Structure formats: C-alpha cells, structure tokens
Amino acid sequence: MYVLYCDISGNVGGTTDKHIVLGGVCIREDGIFHVIKELDDIVRESVLSLPYDTELHANEILAGRKFWRRIESEARKAFLKTCLEVFSGPSRHNMRTFGIVVEKANIEGDPVLFAYEQLVTRFNAFLLRDHEHNRKRHGAFKHRGLIIFDSSRYEQELQGVAKEYRINGTRWGQLPFLGEVPLFSDSHASRLIQLADLVAYGLFRRFERNDREFLKVYAESFDRHSHRTHGLYHLTSDTDCDCPSCTRT
Ligand SMILES: [Zn+2]
C-alpha cells in the first residue's frame, strides 16, 4: 500500500491569497517508519535544542510564533530546509511528492474540491503505473492507495466528494486503486501530515510570493515518468510560468 499524506496551504475563502495549494507526500507502507524516524532524528539532533515532540508547521516556524519566537529567523529557515532534506535522504526512493496549485481567480466553485479531484486522479495514475511496472517485473502485485488528511482542514467537504468519487469516479474516470475514502488524522500526532504541511507551504511560497528557497530543496521529488512531472499541477492564467506543469517537463 502507498499512503498519501496531505495538507492545504493558503487562505481558501479570503481574498488575501491568490492561490490555494494541496501538498501531498506519498510513502510506501514499509517506508513509513523510516521517514518518521528520519524526521524525529532531525528534531532531536538540531542545534536549536528542540523538544523531541516539537511539531513541524511551516507557518509557525517561519513566522516565529509560539515556541519559535526565541529563535532567529535565519536559523528557523535553515531548520525548515533541513526537514525538507528527507526527500534527498536514505528514504528518498520510497517517497514522492504531489502538489496541486490553483489560482483561485481561474476557477468557479470550490478551489479545494477542484484541487482534490486533481490530486486523487494523479495519485490513482501513479498507482496504476506502479502496478503495470510490477506486473512486468515481479508478478502482478497490486498496491492500493490510502489518503490521509489533516483533520482540522476541510473534512466535511472532502468526505462528501470522496464518497461520490469512490462510487462514480471523477470526471477523468474511475479510481480503482483508491478503495477507501480519505481518512483524517490530527496533525499534532502525525509527523507525516506535518511533512505534507511543509511541502504545501514550500509550494505556496513559490507560487504566491515567487520565493523558491524551500521548493528547490525537494523539487526533484515530484512524481515523474517518461520525462514529465505528473505530480505537480498548476492552474493559472500566467502564460509565462516556467514551472514543470506549465512547461510540460
Ligand atoms: Zn506553472
């Protein structure tokens, strides 16, 4: 099984942000323990003398809120980048990122639900590709997918469309590899939902503020196949955007 941990970045209903972002971290079940351990080790070994249960929330870290108030800005940024380096660490082959970036002005209706439909379609396509790969090389083992969201964000709305997609599929087709509706977990307890928060926020900084500092740390981890980045989708009216989604690279 592959588990896709997801979180949302951006102000969904307000007018202060142009974008909303769904960020996802996909990990095969046998790699979950190792990624959590790598993140726990980063916290424990940090020169910032962090408590072992320090939560990783990009907004709090970068804004210097709560516990982070006593730590200088550059040190907080450096720590965030160190966390994102798990995507180039020992577990990198077991992890992929997904990101759906929606410029809200370009869409009628709910941008989160639009982004969710894109996300599940791309996750299902990844699982189908993985199955085709396994069938050719190791027999017909079929990994299924499970999506886990931060429970504080958008649970009711996503549960509604998820049930619809499970039964009838999306506008892009059925989702045979996603047999269950998304589950919701408390980000306080889940290191991997916290990692999805960091991924979503890095994308948000890139597209909302043209700050590539964080995204460049994990830019190579998006789901790719046949020289195309399938794990990133950008809905925009900007015809000059050079992101892999807009340039189809
Ligand atoms: Zn783009």
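These are my notebook entries on a predicted protein model, written as I looked things up.

**Ground rules**

I count residues from 1 along each chain, as its sequence is written. The model is predicted, so local features need pLDDT of at least 70 and side-chain atom pairs count only at pLDDT 80 or more, while totals for chains, interfaces and linings use all residues.

**Confidence**

I began with pLDDT, the predictor's confidence in each residue, from 0 to 100. The protein averages 92, and 98% of the residues score at least 70. I then looked up the elements; helices (H or I, at least four residues) and strands (E, at least two) are DSSP runs, numbered from the N terminus. Strand β8 (residues 232–235) has the highest mean pLDDT, 98, and α5 the lowest, 83. A note to self: where pLDDT is low, the predicted coordinates should not be read in detail.

**The sheet**

How are the strands ordered in the open sheet? I read six strands in the order β5-β4-β1-β2-β3-β8, with mixed pairing. Here two strands pair if DSSP finds at least two bridges between them. β5 and β8 stand at the edges with a single partner strand each, so one side of each has no neighbour in the sheet. On average, neighbouring strands are turned by 20° against each other, direction ignored; the angles are taken between axes, which are lines fitted to C-alpha atoms (for helices over the stretch in contact), and run from 0 to 180 degrees between N-to-C directions.

I zoomed in on β2 (residues 19–28) and β3 (residues 95–103), which pair in the antiparallel sense over nine bridges. Ile-20 stands opposite Val-102 in β3.

**Helix α5**

I checked the length of α5 (residues 155–168) next. Its 14 residues should span 20 Å at 1.5 Å a residue, and the end C-alpha atoms are 20 Å apart, which agrees. The expected span is 1.5 Å times one less than the number of residues.

Which residues of α5 are buried? I found Leu-158, Ala-162 and Tyr-165. They fall within an arc of 65° seen down the axis, so they line one face of the helix; the arc is that of the directions from the helix axis to the C-beta atoms. Buried means 20 or more other C-beta atoms within 10 Å of a residue's own, exposed means 12 or fewer, and partly exposed is in between, with C-beta atoms placed from the backbone.

The buried residues of α5 pack against α4 (111–137) and β4 (145–150). On the face turned away from them I noted exposed residues, including Gln-156, Lys-163 and Glu-164. Gly-169 follows α5 with a positive phi near 80°.

**Phe-177**

I found Phe-177 in the loop between α5 and β5 (183–185). Is Phe-177 buried or exposed? It counts as buried, because it has 20 C-beta neighbours inside 10 Å. Leaving aside neighbours within four places in sequence, its contacts (C-beta atoms, placed from the backbone, within 7 Å) are Asn-124, Leu-127, Leu-128, Arg-144 and Gly-145.

**Helix α6**

I moved on to α6 (residues 191–209), which reaches 26 Å from first C-alpha to last, close to the 27 Å expected. Of its 19 residues, 17 are buried, so α6 is largely enclosed by the rest of the structure. Asn-210, just after α6, takes a positive phi of about 55°.

**Ser-226**

My last stop was the loop between β6 (224–225) and β7 (228–229), where I found Ser-226. Ser-226 is not a glycine, yet its phi is positive, about 50°. With 6 other C-beta atoms within 10 Å, Ser-226 is exposed.

Notes: Contact = placed C-beta atoms within 7 Å.
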